[in-house]
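Visitor: Hi, I'm new to this one. Could you walk me through it?

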Amino acid sequence: MPAVNKICCSRLYVGGPTCAVIALKCPHLQVTIVDLNKARVDAWNSPDFNLPIYEPGLEDVIREARGRNLFFSTDVDKGIQEADLIFVSVNTPTKKSGVGAGFAADLNYVELATRRIAAVAHSSKIVVEKSTVPCRTAESMRTILEANSRPNCHFDILSNPEFLAEGTAISDLFSPDRVLIGSLQTTEGRAACSALAEVYANWVPKNNILTVGLWSSELSKLAANAMLAQRISSVNALSAICEATGANIDEVAHAVGRDSRIGSKFLRASVGFGGSCFQKDILNLVYLSESLHLPEVANYWRQVVVMNEYQKKRFSKTVVDTLFNTITGKHIAVLGFAFKADTGDTRESAAISLIRDFHSEKALVHIYDPQVEREQIWADLAEANPFTLLDAMKKRVTICSSALEACKNAEAVVIATEWKEFRDIDWEAVYQGMNKPAFVFDGRLLLDADALRKIGFKVTVIGRGE
Ligand code: UGA
């Protein structure tokens with residue numbers, strides 16, 4: 001089995017927290033996270049722990065391990081040369097142009113990282129694919145490495161997808177449901193797989209470390225995300241029936257989830273799932289199915305995304321319909337911009353779609369989110385509204401510093417992200433400051449609707465027919 005003493009990881013969301021936790025749990029290993037972006041590396045190294053991502057518990061991990069056996073550097077080549085094992089954890093966005101545009105993953109960064117490893121490595125390495133990638137990407141990586149490596153350099157490729165969720169990354173990493181490692185079923189492949197399994201075995205029970213073939217590992221990652229997203233689209237489809245019939249989606253989800261074959265998690269109706277992974281991975285699966293000439297399979301998975309888009313549109317239409325069929329010139333407070341609570345990440349956030357819809361209806365939108373930076377909100381809105389000049393948008397969209405400020409003089413409050421602090425707002429004060437009738441639209445099943453009604457609000461909750 002190859003000895004692993006030094007680990008290198010190339011950047012990004014999962015790369016940072018995962019390798020920081022490996023460093024924390026394996027003080028005998030040296031872990032270096034490399035990134036060409038100097039500003040990001042400086043942030044990881046900042047003396048006051050002003051880290052580039054917000055993740056509960058991450059700062060404590062960095063405080064303990066940084067400088068001990070965890071290092072952040074822009075010297076990518078040195079990181080590669082010194083490491084025995086390299087995690088390739090680069091971005092794989094959906095392609096915006098060319099073959100498979102809108103569906104297939106853009107593997108440019110994976111290929112660039114692989115070519116760089118081949119070009120600078122002087123010794124044999126285990127290369128671990130950590131990014132979510134289409135099936136058989138490892139095969140391409142292997143071909144590139146073999147074609148470009150120096151004599152006496154041998155590369156073993158592993159797939160080790162990450163299953164952490166944002167906002168709970170550190171607790172997910174501390175006690176994962178499972179760690180999945182895929183390898184070629186050769187003697188060398190299995191030995192490399194054992195070497196990585198040994199690293200995780202420092203804190204993960206061996207029973208929870210699953211070793212499978214390379215392609216199974218790659219497909220399992222896409223499958224897990226697709227099935228999680230499918231649960232949300234299923235419950236959101238039911239939420240529409242609940243609203244039309246007077247049933248309550250909380251009660252339905254609870255009753256359904258009590259069946260141990262179904263389980264209670266991930267059955268929370270919402271204004272639509274967001275995040276950088278679900279939509280991207282499903283579209284990837286759709287593209288894969290189409291490439292394999294399996295159109296029925298492709299259509300099946302595509303419908304999960306179609307339902308998600310429908311849910312977002314349905315919600316903004318409910319707002320317009322309830323506000324007497326027009327929101328032109330009306331002041332709407334949108335509370336929450338992140339794609340879920342406990343993260344500052346806004347990728348594919350449902351809030352972006354809602355605000356685009358409200359903006360196109362010429363409403364005055366006031367936004368508040370406790371974590372998302374103003375610049376990020378403007379960047380997202382500019383991208384979602386390519387035909388509107390930012391200055392024109394700023395006349396009708398305002399970013400506020402508190403929920404109370406956002407709700408002042410509003411006709412309606414929309415809960416777009418389930419931040420707990422929105423539950424604890426002084427709703428009496430919000431009511432006093434709003435135009436009447438004062439409407440609340442809870443897209444996250446977050447608020448106590450009855451308590452709000454007692455104050456005087458007119459409340460609409462997703463999935464609840466009243
Ligand atoms: C997701 C998966 O949960 C992780 O296992 C996976 O590793 C990750 O993608 C990834 O591939 O990187 P993440 O996107 O961080 O994690 O967040 P989730 O907690 O899965 O939430 C995704 C979206 O679904 C959010 O917008 C959330 O609000 C929504 N959601 C979640 C619901 O609407 N209802 C639910 O019951 C659960």
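**A first look around**

Guide: Sure: there is an open sheet of six strands here, paired in parallel in the order β11-β10-β9-β12-β13-β14. Strands and helices are DSSP runs numbered from the N terminus, with at least two residues for a strand (E) and at least four for a helix (H or I), and two strands pair if DSSP finds at least two bridges between them. The model is a predicted one, where local features need pLDDT of at least 70, side-chain atom pairs count only at pLDDT 80 or more, and totals for chains, interfaces and linings use all residues. Residues are numbered from 1 along each chain as its sequence is written.

Visitor: Which strands stand at the edges of that sheet?

Guide: Those are β11 (397-399) and β14 (458-461). Each has a single partner strand, so one side of each has no neighbour in the sheet. From one strand to the next, the twist averages 20 degrees.

Visitor: And how many bridges join β12 to β13?

Guide: Four, and the two strands run parallel; β12 covers residues 412-415. Valine 413 has valine 440 in β13 as its bridge partner.

Visitor: What packs on the sheet?

Guide: α12 does, touching β12, β13 and β14. Its direction makes about 165 degrees with that of β13. Angles here run from 0 to 180 degrees between N-to-C directions, and axes are lines fitted to C-alpha atoms, for helices over the stretch in contact.

Visitor: At what angle do α11 and α12 pack?

Guide: About 165 degrees, with the axes of α11 (residues 278-291) and α12 (residues 295-322) 8 Å apart. The two helices are therefore roughly antiparallel; angles over 145 degrees count that way, under 35 as roughly parallel, 65 to 115 as roughly perpendicular and the rest as oblique. Residues making the contact include Ile282 and Leu283 of α11 and Trp301 and Arg302 of α12. Contact is counted when C-beta atoms, placed from the backbone, lie within 7 Å.

Visitor: Switching topic: is strand β4 covered or uncovered on its faces?

Guide: Both faces of β4 (residues 85-88) are covered, with Leu85 and Phe87 buried on one side and Ile86 and Val88 buried on the other. A residue is buried if 20 or more other C-beta atoms lie within 10 Å of its own, exposed if 12 or fewer, and partly exposed in between, with C-beta atoms placed from the backbone.

Visitor: Which strands does β4 pair with?

Guide: One is β1 (residues 6-10), in the parallel sense over four bridges, where isoleucine 7 stands opposite leucine 85. Another is β5 (residues 125-129), also parallel and joined by four bridges; there, glutamate 129 is the bridge partner of valine 88.

Visitor: Any backbone oddities to look up?

Guide: Some background helps: most residues other than glycine have a negative phi, and most peptide bonds are trans. Aspartate 342 has a positive phi of about 65 degrees, and glutamate 348 has one near 60 degrees. Aspartate 342 is in the loop between β9 (331-335) and α13 (350-360), and glutamate 348 is in the loop between β9 and α13 too.

Visitor: Is aspartate 342 buried or exposed?

Guide: Aspartate 342 counts as buried, with 20 C-beta neighbours inside 10 Å. Glutamate 348 has 19 other C-beta atoms within 10 Å, so it is partly exposed.

Visitor: And which peptide bond is cis?

Guide: The one from lysine 436 to proline 437 is, with omega near 0 degrees. Proline 437 is in the loop between α17 (427-433) and β13 (439-442).

Terms used
Two residues are in contact if their C-beta atoms, placed from the backbone, lie within 7 Å.
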